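Thanks, everyone. Let's walk through one chain today. Please look at the model on the screen.

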Amino acid sequence: MATFTKLHSGSWRVQVRRKGRYVSETFLRRDDARRWALEAERQIDRGETPNQSRIARLKTFGDLIDLHIDDMGDVGKPPRRSKAATLDMLKRQLGKCNMAALDRERLIRFGRDRAAKGAGPATLGIDIGTIKLILSHAAAVHGLPVTIEAVDLARIALKQLGLVGKGQERDRRPTQDELDRLISHFDANPRQIAPIGRIIRFAVATAMRQEEICTVRWSDLECRTRMLLIRDRKDPRNKQGNNQRIPLFAACGYDAWAIVEEQRACRSNNDDRIFPFNGRSVGTAFRRGCADLSIHDLHFHDLRHEGTSRLFEAGFTIEQVALVTGHKDWKMLKRYTHLKPEALHALLAARAA
């Protein structure tokens, strides 16, 4: 039975006592309080836990996205850049959809539209997985009456259509001529503020990611042992605290320690970052350099690929390469081991020596 009490503030407090359960909420209007009380009684009769008024007012998929972001922020795990971009896209595309309207047919139509705009099978798979995550969070954490069956069915259909699946693994490696041309191009440009040529050499020498290069610190550099601490390395299972020390050596054709010393000689401020530049700006400059030199289909991340492959070509084992690249799953390293056949000559000569 519901009891309604008008407070001194003018708001209405509703109390529901039913089958030994007690819940209460406060509303600005009596009609809202009455509707919530009726639904709360029905949920108790079904053996469910009544939703809080804020949760009960959620109607659209966009509301569920906001709820997920708020909850993850409350526990210190806000979405990072890639997930935040996916959530933003989903809110634009599906945010206005009523939760009940987000059925199998609507999700398949969403997948077709995304594919038509250029989203690949792996990207669309991430999108569908994120939709499932949002709905599962709402059901598990807040008890909202949403199901994930429609998402699973839509994934099966999109997979049958070839729109969801594994992405094509890149095997693009820059030639030494392409690297030399890019480095010369940036070094010869007096208007280029960031030392992109030096960053390119460092990326190959260390197999580090673009963002990692632009965040490593002088204070994390061990001069005596020539080791560098990389903080919070990318890891799908552990988003924070995944720190790793890597050696700065000359195993990949470029001397990582010598490059750091070059950068030290150019240091002009108190910024603790070794390369105090925006990672996105570095990527933009790299793409423009490739366009200027007519170097096609080369991404900055391919430099990590190149550095990893060179470590294998230098004779390092999988477990030794993982100490540099940070891969926790050694199977993942297989996609970086596109070795050049001519490298076998050098390996044989090294073993003979």
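In what order do the 3 strands of the open sheet with strand 5 stand, and how do they pair? The order is 4-5-6, and the pairing is antiparallel. Before going on, some ground rules. This is a predicted model, where local features need pLDDT of at least 70 and side-chain atom pairs count only at pLDDT 80 or more, while totals for chains, interfaces and linings use all residues. Residues are numbered from 1 along each chain as its sequence is written, and side-chain values use heavy atoms, with hydrogens and water left out.

Now some terms. Helices (H or I, at least four residues) and strands (E, at least two) are DSSP runs, numbered from the N terminus. Two strands pair if DSSP finds at least two bridges between them.

Back to the 4-5-6 sheet. Strand 4 and strand 6 are at the edges, each with a single partner strand, so one side of each has no neighbour in the sheet. Strand 4 covers residues 221-222, and 2 bridges join it to strand 5, antiparallel. Leu 221 sits opposite Leu 228 of strand 5. The two strands make a hairpin with 4 residues between them. In that turn, Arg 226 has a positive phi of about 55°.

On to the other partner. Strand 6 is residues 244-247, and it pairs with strand 5 over 4 antiparallel bridges. Ile 230 has Gln 244 of strand 6 as its bridge partner. Leu 228 has Ile 246.

What about the side chains of strand 5? In a regular strand, side chains alternate between the two faces of the sheet. In strand 5, residues 227-230, Met 227 and Leu 229 point one way. Leu 228 and Ile 230 point the other way. All are buried, where buried means under 20% relative accessible area, exposed over 50%, and partly exposed in between (1.4 Å probe, protein chains only).

Next, the whole chain. There are 15 helices and 6 strands. Of the 353 residues, 42% are buried. The accessible surface is about 20,200 Å², and carbon and sulfur atoms hold 51% of it. Those areas come from Shrake-Rupley with a 1.4 Å probe; for residues, only the protein chains shown count as cover. Contact means heavy atoms within 4.5 Å. Among contacts with a separation of 6 or more, 61% join residues 24 or more positions apart.

Now the N-terminal end of the numbering. Here 3 strands form another open sheet, order 1-2-3, antiparallel. Strand 1 (2-6) and strand 3 (21-27) are the edges, each with a single partner strand, so one side of each lacks a neighbour in the sheet. The twist averages 15° from one strand to the next. For angles, axes are lines fitted to C-alpha atoms, for helices over the stretch in contact, and values run from 0 to 180 degrees between N-to-C directions.

Strand 2, residues 12-18, pairs with strand 1 over 5 antiparallel bridges. Phe 4 has Val 14 of strand 2 as its bridge partner. Helix 1 (residues 30-45) packs on this sheet and touches strand 1, strand 2 and strand 3. Its direction makes about 15° with that of strand 2.

One residue in strand 2 is Gln 15. Is Gln 15 buried or exposed? Its relative accessibility is 15%, so Gln 15 counts as buried. Beyond four places in sequence, its contacts include Met 1, Thr 3, Tyr 22 and Ser 24.

Last stop, helix 12. Helix 12 is residues 279-292, 14 in number. From first C-alpha to last it reaches 20 Å, close to the 20 Å expected. That expected span is 1.5 Å times one less than the number of residues.

Buried in helix 12 are Gly 279, Val 282, Gly 283, Ala 285, Phe 286, Gly 289 and Cys 290. Down the axis, they fall within an arc of 165°, so they line one face of the helix. The arc is that of the directions from the helix axis to the C-beta atoms. On the other side, the exposed residues include Arg 280, Arg 287 and Asp 292. Cover for the buried residues includes helix 8 (176-187), helix 9 (196-206), helix 10 (210-213) and helix 13 (301-313).

Take Val 282 in that helix. Its relative accessibility is 2%, so Val 282 counts as buried. Leaving out residues up to four places away, Val 282 touches Ile 196, Ile 199, Cys 214, Phe 277 and Phe 300. Pro 195 is 87 residues away in sequence, yet 9.0 Å away in space, C-alpha to C-alpha.
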